[in-house]
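Colleague: I would like to learn how to read a fold from its strands, helices and open spaces. Could you take me through one example, step by step?

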Amino acid sequence: MPRPIQATIHPEALRHNLAHVCAAAPDARAWAVVKANAYGHGIERVFDGLRAADGFALLDLNEAERVRHLGWRGPILLLEGVFEPRDLELCSRLGLWHTVHCDAQIDMLATHKTHQPHRVFLKMNSGMNRLGFTPQRLRAAWTRLNALPQVDEISLMTHFSDADGPRGIAEQLAVFTAATQDLPGERSLSNSATLLRHAQTHWSGYADASPLVTSDWMRPGIALYGSAPDFPEHGISHWGLRPTMTLASKLIGTQQLAAGDTVGYGSNFTAPAAMRIGVVACGYADGYPRTAPTGTPVLVNGVRTRVVGRVSMDMLTVDLSPLDALGVAADWGTEVTLWGCASNGTTLPIDEVAQPAGTVGYELMCALAQRVPVVVTPGAE
């Protein structure tokens with residue numbers, strides 16, 4: 001019998017989240033962001049759920065090849081552009097659009113031999129201070145690109161650093177708008193947080209005093225995968241999103257503790273009274289965060305309870321007191337939902353597991369270990 005841990009990907013939730021996020025900006029086209037192997041879900045596993053998007057955005061040429069091999073003939077955007085001159089050859093062969101954020105990438109284009117001009121997205125650094133041309137240098141970069149026969153259409157893009165927080169986007173949006181005034185080309189501005197919090201003043205849950213964000217291409221990422229970009233201010237239920245990944249296992253043992261008994265390495269949990277704990281076949285070698293402290297939420301047989309003690313490589317322990325108080329079965333073989341959807345329909349958002357561990361849902365998704373079997377539910381809306 002295989003070890004009873006398994007991750008499940010829910011295409012119907014991906015379809016729902018894509019449609020729901022796109023409703024925030026109905027006039028824009030959508031890049032479905034599938035970088036980092038679709039945020040740990042697997043590009044091949046999410047493709048069917050996201051194929052209603054207008055294009056796929058990612059980082060690696062290998063990932064771009066995988067999307068093309070799945071039969072996708074629409075746009076694919078390299079979010080960080082190319083890293084060396086020969087990458088442009090593959091862009092030409094696969095018909096990839098790519099970001100240009102530095103002079104070196106313009107230099108590579110200038111010496112690239114191609115019969116088919118490239119579609120590029122010129123990136124502006126409006127305050128994030130990672131990649132992109134400063135506002136003062138953007139027009140010179142645009143002029144260089146526009147003069148190259150290797151370049152076809154030039155679109156403009158930027159990335160907001162504080163769309164998920166109180167600072168908002170107004171300052172960066174004003175900088176971008178001023179620097180790109182009168183420049184032709186489509187715009188791409190909105191990530192998940194921008195779409196949900198700032199895209200339209202009448203959008204369901206949040207609006208600040210920022211100008212309306214209008215762009216031709218939006219770039220939803222984490223929201224597609226059922227994580228709230230502004231957690232803990234808002235959870236996925238607030239934004240109408242659904243979990244797209246469930247990590248589930250089973251109890252492989254139970255222990256009856258007396259008051260004063262300790263649990264696990266370091267004995268950092270002490271039973272305050274007589275209680276029962278369960279041992280779960282899941283640990284940090286499966287991608288569950290070792291930093292998850294006592295109190296991290298977990299579902300046992302669909303009932304919310306908590307992790308107790310230190311997470312080990314292959315096991316963690318959970319408090320069975322809430323189930324015993326309700327008379328709910330909890331013994332060897334009982335279902336445990338580490339995040340996602342339990343069999344009884346109860347949901348444990350991944351953000352609620354990540355926060356007490358001092359991280360974010362993005363990291364938990366991407367950290368799912370190779371040894372964890374992954375299946376895809378057929379599901380439909």
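Modeller: We go through a few strands, two helices, a pocket and two loop residues in turn, and the model is a predicted one.

Colleague: Let us begin with the strands: which strands does β5 pair with, and do they run parallel or antiparallel?

Modeller: One reads this from the bridges between strands. Two bridges join β4, residues 76-78, to β5 in a parallel arrangement, and three bridges join β5 to β6, residues 118-123, which is likewise a parallel pairing. His98 of β5 appears in both pairings, since its bridge partner in β4 is Leu78 and its bridge partner in β6 is Val120.

Colleague: How does the chain get from one of these strands to the next, and is the crossover right-handed or left-handed?

Modeller: From β5 the chain passes through helix α6, residues 103-111, to reach β6, and this β-α-β crossover is right-handed. A right-handed β-α-β unit is also made by β4, helix α5 (residues 87-94) and β5.

Colleague: Are the two faces of β5 covered or open?

Modeller: Both faces of β5, residues 97-100, are covered, with Trp97 and Thr99 buried on one side and His98 and Val100 buried on the other.

Colleague: Turning to the helices, which residues of α5 are buried, and where do they lie around the axis?

Modeller: The idea is to list the buried residues and then look down the helix axis. In α5 the buried residues are Asp87, Leu88, Leu90, Cys91 and Leu94. Seen down the axis of α5, they fall within an arc of 160°, so they line one face of the helix. Exposed Glu89 and Arg93 sit on the face turned away from that buried side, while the buried residues pack against α4, β4, β5, α6 and β6. Just after α5, Gly95 has a positive phi of about 70°.

Colleague: What does the same reading give for α8, and what do its buried residues pack against?

Modeller: Helix α8, residues 170-180, has Gln172, Leu173, Phe176, Ala179 and Thr180 buried. They cover an arc of only 135° around the axis, which puts them on the same side of α8. These buried residues pack against α7, β7 and β8, whereas the face turned away from them carries the exposed residues Glu171 and Ala178. Just after α8, Asp182 takes a positive phi of about 75°.

Colleague: How does one find empty space, and how many residues line the largest pocket?

Modeller: Rolling a probe the size of a water molecule over the atoms shows where empty space is left. Here the largest pocket holds about 830 Å³ of space, and 36 residues line it, with Lys35, Arg130, His159, Asn191 and Tyr362 lying nearest its centre. At least two lining residues come from each of α2, α9, α12 and α13.

Colleague: Finally, is His41, a loop residue, buried or exposed, and what is it in contact with?

Modeller: A position in a loop and burial are read separately. His41 lies in the loop between α2 and α3, yet His41 is buried, with a relative accessible area of 0%. Leaving aside neighbours within four places in sequence, its contacts are Ile9, Val46, Tyr225, Thr244, Met245 and Met365.

Colleague: And where is Ser215 found, and what does it touch?

Modeller: Ser215 is in the loop between α9 and β9, and with a relative accessible area of 16% Ser215 falls under the 20% cut-off for buried residues. Not counting residues up to four places away in sequence, Ser215 touches Ala28, Arg187, Ser188, Leu189 and Ser190.

Conventions. Residues numbered from 1 in each chain as written. Predicted model: local features only at pLDDT ≥ 70, side-chain atom pairs only at ≥ 80, totals over all residues. Heavy atoms only, no water. Buried < 20%, exposed > 50% of the residue type's maximum accessible area, 1.4 Å probe, protein only. Helix = DSSP H or I, 4+ residues; strand = E, 2+ residues; numbered from the N terminus. Pairing = 2+ DSSP bridges. Right-handed = clockwise from strand over helix to strand, strands pointing away. Arc of directions from axis to C-beta. Contact = heavy atoms within 4.5 Å. 1 Å grid on protein atoms, 1.4 Å probe; cavity = no way out; pocket = protein on both sides within 12 Å on 5 of 7 lines; lining within 4 Å. Points joined across faces, edges and corners; volume = space filled by probe spheres on them.
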